[in-house]
Amino acid sequence: MGFYIEMTTPFGQAYLVEQTEHITHLLFEKEELDGMIKKDQELKQKKTALLQKAKQQLEEYFRGERTTFTLPMHQEGTDFQKKVWKALQTIPYGESRSYSDIAREIGQPKAVRAIGQANKKNALPIFIPCHRVIGKNKTLTGYAGNEIDKKAILLEIEKIPYKGK
C-alpha cells in the first residue's frame, strides 16, 4: 500500500509518493499520479509522517534553507541508472556538472546520452539532483522530460550559474 500528498512548489503543484516507508516519487504532473493510481488502486491520499517530513524538507529547500535531504528514499531502475543516480547525489548543493562529467565519474565516458536518459527516468527529482546536470557549455538541457523552466528555477534557488539566464 502506498500514500501520496499534494504540495505547492515554485512551479506549480507536485505530488509526493510514499511506498513501503520510503519516498519513491516526486511527480510534477497530475496525469503521472493518475497513472500510478490506475496501476495501484491501493495508492491513497494520506498525510503520513514521512510524507509530511518530505514536504517540509522540500519547502525548506525552496526557501533556500536546506541543502541536503534526510529521508528514506527508493526507486526502481537498471544498474546503470542506479549508478548515475548515485553519482548525482555526490554533486554538492550550489554546483553543477556536465553530462560528460557524470559519464566519466561512473567510468563510462562515452555514455553521455545514456546519462541524460537516466536523468529523465529519475523518479525523485530535486531529492536526487538531476537539475544540477547541465550542458558542457553551461546551457540548460532537458529536465523532467523537457521542462527546463523547472530546471532554471531550481538552479536559481541554488545560485548555480547557467547560460540563458
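Reader: How many helices and strands does the secondary structure of the protein come to?

Author: Happy to start there. The secondary structure comes to 6 helices and 6 strands. Keep in mind that this is a predicted model.

Reader: In what order do the elements run from the N terminus on?

Author: Reading from the N terminus, the order is β-β-β-α-β-α-α-β-α-α-β-α. The radius of gyration is 16 Å, close to the 15 Å from the globule rule for 165 residues, so the protein is as compact as a globular protein of that length. Along its principal axes, the C-alpha trace spans about 45 × 35 × 25 Å.

Reader: How should I read burial and contacts for the whole chain?

Author: A residue is called buried when its relative accessible area is under 20%. Here 46% of the 165 residues count as buried. For contacts, take pairs of residues at least 6 apart in sequence: 59% of those contacts join residues at least 24 apart.

Reader: And what can I say about the surface and the charges of the protein?

Author: The accessible surface comes to about 8,900 Å², and carbon and sulfur atoms account for 50% of that. Among the side chains, 27 are positive and 21 are negative, with the centres of the two sets 6 Å apart.

Reader: Which domain does UniProt place at residues 7-73?

Author: An unreviewed UniProt entry places "Methylguanine DNA methyltransferase ribonuclease-like" at that span. In the model, residues 7-73 are 36% helix and 28% strand, and the end C-alpha atoms of the span lie 18 Å apart.

Reader: Where does UniProt place the feature "active site"?

Author: The unreviewed entry puts it at Cys130. A good habit is to find the element first and then check burial. Cys130 lies in the loop between helix 5 and strand 6, and Cys130 is buried, with a relative accessible area of 4%.

Reader: Is the next residue, His131, buried or exposed?

Author: His131 counts as buried, because its relative accessibility is 0% and buried means under 20%. His131 also lies in the loop between helix 5 and strand 6. The C-alpha atoms of His131 and Trp85 are 12 Å apart, with their positions 46 residues apart in sequence.

Reader: How do I find a residue that is far from Cys130 in sequence but in contact with it?

Author: Compare the separation along the chain with the distance in space. Leu88 and Cys130 are 42 residues apart in sequence, yet their C-alpha atoms are 6.3 Å apart. Leu88 is found in helix 3, which covers residues 79-88, and Leu88 counts as buried at 0% relative accessibility. Leaving aside neighbours within four places in sequence, Leu88 is in contact with Ile102, Asn119, Ile128, Pro129, Cys130 and Val133.

Reader: Val133 is in that list. What does Val133 touch?

Author: Not counting residues up to four places away, Val133 touches Leu88, Ile91, Arg97, Ser98, Tyr99, Ile102, Asn119 and Lys151. Val133 lies in strand 6, residues 133-134, and is buried with a relative accessible area of 0%. Tyr99 is 34 residues from Val133 along the chain, while their C-alpha atoms are separated by 6.1 Å.

Reader: Lys151 is among those partners. Which residues of helix 6 are buried?

Author: Helix 6 covers residues 148-157, and its buried residues are Lys150, Lys151, Ala152, Leu154, Leu155 and Ile157. To see what such a set does in the model, look for the elements on the other side of its contacts. The buried residues of helix 6 pack against helix 2 (49-62), helix 4 (99-105) and strand 6.

Reader: What follows helix 6?

Author: Lys159 follows, and its phi is positive, near 60°.

Reader: Which other residues should I look at for a positive phi?

Author: Thr20 is one of them: its phi is about 45°, although Thr20 is not a glycine. Thr20 lies in the loop between strand 2 (12-19) and strand 3 (22-27), and at 63% relative accessibility it counts as exposed. Ile126, also not a glycine, has a positive phi near 75°.

Reader: Is Ile126 buried or exposed?

Author: Ile126 counts as buried, at 1% relative accessibility. Ile126 is found in the loop between helix 5 (112-120) and strand 6, and that loop also holds Cys130 and His131.

Definitions and conventions. Residues numbered from 1 in each chain as written. Predicted model: local features only at pLDDT ≥ 70, side-chain atom pairs only at ≥ 80, totals over all residues. Heavy atoms only, no water. UniProt positions renumbered as here; feature names shortened; annotations may be inferred. Helix = DSSP H or I, 4+ residues; strand = E, 2+ residues; numbered from the N terminus. Buried < 20%, exposed > 50% of the residue type's maximum accessible area, 1.4 Å probe, protein only. Contact = heavy atoms within 4.5 Å. Rg over C-alpha atoms; globule rule 2.2 N^0.38 Å. Areas by Shrake-Rupley, 256 points an atom, 1.4 Å probe, with all protein chains shown as cover. Lys, Arg positive; Asp, Glu negative; His and termini not counted. Charge placed at Lys NZ, Arg CZ, Asp CG, Glu CD.
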